[in-house]
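Load the model in your viewer and keep the sequence panel open beside it. The tour below goes selection by selection.

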Amino acid sequence: MNRAWSVKHGIQQGRRGERPDEGRANADSAAARSGPNMKIRHILLLNPPGRKLYTRDYFCSKVTKAGYVEHPLDLLILSGIFSSAGFRVSVLDAQAGRQAPETAFNHIVSLRPDAVVFLSGLVSRQEDYAFLERLKKAMPRVLFAGMGDLFLKKMVFENTAWMDAVFYDFTSGECADFLAGRRGRFSTISFRDGNDIIYRAPVQDRGEFSIPVPRHDLFLNKGYTFPFARKLPFATVLTDYGCPFSCPFCVYPTLGFRLRRLQNVTEELRYIRSLGIRELFVKDQSFGADRGRSMRLCEEMRNIGGFSWTCFLRADVAREDLLRGMKAAGCHTVLFGFESGCDRILRSYKPGVNKRMIVDALRKCRRSGIKSVGIFIFGFPEDDIGTCRETADFAVRCGCDYVSFNVFVPKAGTPLRNKLMPDDSSGEKEEVLDQSGIASVWSGSPVSVEELNRLRVRAIRRFYFRPSYLFGMAAASLFSLCRLRMCLRSAFFILQDVLAKRR
Ligand code: SF4
């Protein structure tokens with residue numbers, strides 16, 4: 001599997017002992033922390049338990065609405081990288097499995113891993129850290145490496161003596177190299193080396209990449225769901241990394257932008273089909289950013305055949321030919337991050353997109369037979385009650401099939417956070433940040449917490465409880481069982497969102 005990739009990263013498939021000498025001088029520093037001569041053979045990929053259901057993957061953390069649990073993308077991709085490098089890989093997703101902390105704790109200890117690679121997030125930092133620190137005490141020789149949005153902040157190792165490393169790019173072969181014992185300067189990993197901390201030398205890559213095929217088999221039967229899946233089980237696929245656009249509140253442009261080689265993607269798609277999975281969530285943050293390549297990808301998907309899928313799209317790339325190609329390849333739903341219904345706010349936060357383009361994109365979706373989901377945000381720093389109401393009005397009128405309303409949070413690592421919080425630190429007083437608005441609302445929001453919650457709930461009711469909307473959904477469901485299922489799931493989702501207990 002992907003021998004070329006493995007060779008590039010100095011890894012012989014399935015045989016961890018055979019590596020180039022590069023970096024060997026310091027190769028035992030992990031062993032020194034993990035116990036004399038302890039080699040890492042067994043890696044546990046861990047999505048920790050929590051008081052609420054959290055999404056923490058791909059540098060975005062929030063409380064999950066209505067009990068949906070998506071695949072933890074970082075862990076999924078690393079499952080292929082580590083397996084290909086010859087490690088034994090186990091997965092424990094305590095979120096998908098709804099495991100209580102004590103159950104998860106005992107399970108992890110009984111697995112006896114040599115390394116734990118875990119997700120954490122700004123939404124759950126305090127409880128994650130308490131759980132992981134206790135785990136480290138129980139397994140002091142085990143290496144702990146973290147991933148997630150909160151690690152994009154500076155000073156990530158402050159008050160975390162139990163944590164050995166942070167991985168900043170889950171598509172990088174450096175993660176396997178590090179666990180195999182290589183030391184030195186990495187561009188995607190910061191780590192403790194004795195009493196020293198070696199910080200990464202970040203580079204923002206462009207160009208192409210390949211990864212070993214992720215171990216989707218390890219993530220089957222864990223109960224993953226998401227609202228727009230027409231069939232279960234579904235698989236999550238990543239065909240690019242980062243984003244080429246530059247919305248200042250968003251973390252993805254800070255990761256650079258790389259496209260996965262098409263052959264590498266199709267290899268994974270064929271593997272997914274061989275597992276009997278036909279439903280996909282393509283988690284590229286902006287499908288169609290490279291139109292020609294996206295068209296070729298759609299063609300490849302059509303050739304393999306039988307997939308139905310959902311992806312994210314920007315209004316300004318939603319051209320008719322692209323949408324037609326996507327539809328022919330099985331795309332049934334696109335998620336648009338429209339963010340605001342006020343052109344002034346859009347100019348600041350979604351450069352290149354305006355309301356006219358949004359309405360136009362939705363019209364093209366309807367013509368292509370693709371359902372649309374509009375995602376809006378209340379509480380941008382320049383929002384006031386008036387612009388929030390404008391957003392709610394626009395969401396109801398613009399022509400989406402579904403909407404989702406979130407609240408603004410200053411995400412770690414973004415230009416906007418750096419501007420709003422120039423002396424940002426990772427001290428104990430770190431705010432719980434949740435863009436779903438369920439666990440928290442950012443205390444710097446220009447609109448009060450109560451008002452934001454009222455706006456959200458009112459907007460949801462206005463959109464979904466319109467007689468014309470309810471009638472349209474009921475009529476469409478009469479002719480399609482799958483549609484009926486989707487509508488019932490969505491209704492459950494909406495009611496949960498309206499009734500969700502805030503904080
Ligand atoms: S909001 Fe979407 S389009 Fe804008 S930078 Fe982020 S991922 Fe890219």
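What follows is a walk from the whole chain to two helices, two loop residues and the ligand.

**Whole protein**

Begin with everything displayed, bearing in mind that this is a predicted model. The secondary structure comprises 16 helices and 18 strands. Of the 503 residues, 48% are buried. Among contacts with a separation of 6 or more, 77% join residues 24 or more positions apart.

**Helix α8**

Select residues 291-304, which form helix α8. The helix has 14 residues, and the distance from its first C-alpha to its last is 20 Å, close to the 20 Å expected at 1.5 Å a residue. Show side chains for Ser294, Leu297, Cys298 and Met301, the buried residues of α8. Now look down the axis of α8: these buried residues fall within an arc of 100 degrees, so they line one face of the helix. The spacing has a simple background: an α-helix has 3.6 residues a turn, so residues three or four places apart point the same way.

Turn to the other side of α8, where Gly292 and Asn303 are exposed. Then add the elements that cover the buried residues of α8, including α7 (262-274), β14 (279-287) and α9 (320-328). Just past the end of α8, pick glycine 305, which has a positive phi of about 80 degrees.

**Helix α11**

Next select residues 355-368, helix α11. Its 14 residues reach 20 Å from first C-alpha to last, close to the 20 Å expected at 1.5 Å a residue. Which residues of α11 are buried? They are Ile358, Ala361, Leu362 and Cys365. These four cover an arc of only 100 degrees around the axis, which puts them on the same side of α11. Arg356 and Arg367, on the other side of α11, are exposed.

Show α9, β16 (331-339) and β17 (371-378) as well, since the buried residues of α11 pack against them. Keep α9 displayed from the previous stop, where it was among the elements covering the buried residues of α8. After α11 comes glycine 369, with a positive phi near 80 degrees.

**Glycine 379**

Follow the chain to the loop between β17 and α12 (385-397) and select glycine 379 there. Is this glycine buried or exposed? Glycine 379 counts as buried because 27 C-beta neighbours lie inside 10 Å, and the cut-off for buried is 20 or more. Leaving aside residues up to four places away in sequence, glycine 379 touches Val407, Phe408, Ser445, Pro446, Val447 and Leu452. Draw a distance to serine 448: the two residues are 69 apart along the chain, and their C-alpha atoms are separated by 8.8 Å.

**Lysine 39**

Go back along the sequence to lysine 39, in the loop between α2 (29-34) and β1 (42-47). With 15 other C-beta atoms within 10 Å, lysine 39 is partly exposed. Add glycine 181, which is 142 residues from lysine 39 in sequence and 7.9 Å from it in space, C-alpha to C-alpha.

**The ligand**

Finish at the ligand and select the residues around it: Cys243, Phe245, Cys247, Cys250, Tyr252, Pro253, Gln285, Ser286, Arg314 and Gly337. Colour this shell by class to see 6 nonpolar, 3 polar and 1 charged residues.

Terms used: Residues are numbered from 1 along each chain as its sequence is written. This is a predicted model: local features need pLDDT of at least 70, side-chain atom pairs count only at pLDDT 80 or more; totals for chains, interfaces and linings use all residues. A residue is near a molecule or strand if its C-beta atom, placed from the backbone, lies within 6 Å of it. Ala, Val, Leu, Ile, Met, Phe, Trp, Tyr, Cys and Pro count as nonpolar, Asp, Glu, Lys and Arg as charged, and the others, Gly among them, as polar. Helices (H or I, at least four residues) and strands (E, at least two) are DSSP runs, numbered from the N terminus. The expected span of a helix is 1.5 Å times one less than its number of residues. A residue is buried if 20 or more other C-beta atoms lie within 10 Å of its own, exposed if 12 or fewer, and partly exposed in between; C-beta atoms are placed from the backbone. The arc is that of the directions from the helix axis to the C-beta atoms. Two residues are in contact if their C-beta atoms, placed from the backbone, lie within 7 Å.
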